[in-house]
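I wanted to look up the salt bridges in this model and where their partners sit. My entries are below the structure.

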Amino acid sequence: MSKLLRVDMGAQKIVFIEELGEYADFGGRGLTSVIVSKEVPPTCHPLGEKNKLVFAPGILSGTTAANSGRLSIGAKSPLTGGIKESNVGGTAAAKLARLQINGIIVEGKAPEKEIHYLLINEDGAALHSAEEYKGMKNYDLAEKLKAKHGEKVTVVSIGPAGEMRLAASSVAVTDTKGRPSRHAGRGGLGAVMGSKGLKAIVIDDTGAPGVEYADKEAFTEAAKVFRDALTSHDVTKPGGGLATYGTAVLVNVINEAGALPTRNFTSGRFEGAEKISGEAIHDIIEERGGSTTHSGCTNCIIQCSNIYLDKAKNYLTGGLEYETIWAFGADCGVDDPDIIAQADRLCDDIGLDTIEIGSTIAVAMAGGLLSFGDGEGMLDLIRQAGDGTPLGRIIGSGVASAGRVFGVTDVPVVKSQSMPAYDPRAVKGVGVTYATSPMGADHTSGYAVATNIMRVGGFVDPLKSEGQAELSRNLQISTAFLDSAGLCVFVAFAILDIEEGFKAIPKMVSAKTGKNFTVDDLLKYGRDVIRAERNFNFAAGFTKFDDRLPEFFKEKKLPPHDVIFDVTDDELDSVHDY
Amino acid sequence: MIEVTVRLFATLRVYLPPQSEDNSCVLTVGEGTTVGDIFRQLKIPPEIKLLYLVNYTHADEGRILNAGDVLSVFPPIGGG
């Protein structure tokens, strides 16, 4: 029997709710966005008592569906001031689903200076004092909580950054090896968790009842078609593109395409790109005995992740991804992979969004705080963020505020969230997503790079404005559903090309829920989720003028292609016109 | 005859001629050589669905190369 947990941090009370009412049909991002839009006053302070932090596995999480291990975390974001769904892999979603928990709604806030952790298992849920873990970094914390509650438990946690309520703080989730290397990074949800006095959630699914299927046989059949699509497509298959080089392979691709944002978005080409490329990192990992092919998340067959060892062949970090390599690499003018890997480890430990922090340091460099290319200086700033020095707190507060502090005009943000690793002038489709996603400058919510650069699902020229609004719209709608299903967005590479794989998804949903669910229902679901999110944002004070890119993208030409972002405001406003 | 630069990445690195550096090689080819001709010359298996740029922008397999052109080729890749 599926249930929701309401955790009142003020009264220290937990209630299990079995009458799901209007929340019954939702999962993942759909559930977090519907709950936030219904229960959180849009004008509330994101770090105050009235905000709610919602954790939700997807509709297909915990089932035998491949790549269904994603967790959604939602709230009003302290970074953007709008609604946020932050998506993360690892091992939490499947366990919550097996415990038949559709969602955890954390409300209110603990008394000042108190800090707790939540333990969830087959017997129920209870809050425990986390006093002894105050200020603890994520890696130590995971070890201590596993020692206490069992080596196989999942730990969802904040590091010192979240406790300090820094706007770029993340929520960590332990991976299949029990390491806090997977992060819900975007939007500062670690700060919301910290503001409520919640340090961690420990999930033990020993003895859990497992997920219920309305029609197990039909589910198995559809899941097989879905899995076959993933194992046959060149990008997602075993030994394929993602398995061999991971997302890091994009460094050279995006650099060749002239779209790799370099030194705070002043060029689309970085002369040091090859040193920090997926190929270079692959060779370093092989040489030192790490792992180039690794599943960080439950039920993943794509295996895009990696394990990176340092020069002494000790574990340094896991899940060293394209975005992180770009943010601490090209954006900061750093071409040393070991420095970048250390930055990744520091952020994972302290609990910070690598995209936001790398870009913040790049803005600080543009403002003259330190030179572009100063790798050691970069690492020092991250450490300071973890220590809470005044300069560290500035860095931990993100790009928009750093731009103000350091007097920088060219600040790459939308809705105050920093822009990821594709310059919108040279990949215009994702530029439309940055502008119009309710999440702020976000690449995964409508990953037009797939069609602009990788020729997946067709081709739309990245350097021209034609066709980009429609591309972004369609991707945002389907992705809103994928995010609600608990599916990794990388399945899109296969299902955008293999129609049977795409159709298998609504079939799996029908077979699991017992309700007839079609492709049209899937698209309507996606539109409904985005509509709820946009309505929340309007009520929070956003207008259409927040669906725009910063001025400099429309005026300054990006070398080497010498392009500007020229998708019109009317086209941007048409994206969510449905 | 004209000279073109060919850059092969990721799993395609194995198709570079020996002594190539930094993923690159310079090939001397006849006038009228197309992108597809280069793939055949380097013996890249035709079943690999390639991703390629000529002078860093998108092109088709039938595109005729000019002297000094740069052809960048990737295998099917994804990311985020």
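The entries cover the salt bridge count, three pairs and one network.

Entry 1, ground rules. I worked on a predicted model, in which local features need pLDDT of at least 70, side-chain atom pairs count only at pLDDT 80 or more, and totals for chains, interfaces and linings use all residues. Residues are numbered from 1 along each chain as its sequence is written, chains are lettered from A and ligands numbered from 1 in the order in which they are written, and side-chain values use heavy atoms, with hydrogens and water left out.

Entry 2, count. I took a salt bridge as a side-chain nitrogen of Lys or Arg within 4 Å of a carboxyl oxygen of Asp or Glu. That rule gave me 39 salt bridges over all chains.

Entry 3, Arg6(A) and Glu39(A). Their closest N and O atoms are 2.7 Å apart. I found Arg6(A) in strand β1 (residues 3-8) and Glu39(A) in helix α1 (residues 28-39), 33 residues apart. Helices (H or I, at least four residues) and strands (E, at least two) are DSSP runs, numbered from the N terminus. Salt bridges with shared partners join this pair with Lys52(A) and Glu107(A) into one network.

Entry 4, Arg29(A) and Asp483(A). I read 3.0 Å from N to O for this salt bridge. It links helix α1 to helix α18 (residues 468-485), across 454 residues. Arg29(A) is buried at 2% relative accessible area, and Asp483(A) is buried at 8%. Buried means under 20%, exposed over 50%, partly exposed in between (1.4 Å probe, protein chains only).

Entry 5, Asp569(A) and Arg548(A). The closest N and O atoms are 3.4 Å apart. Asp569(A) is partly exposed at 37%, whereas Arg548(A) is buried at 11%.
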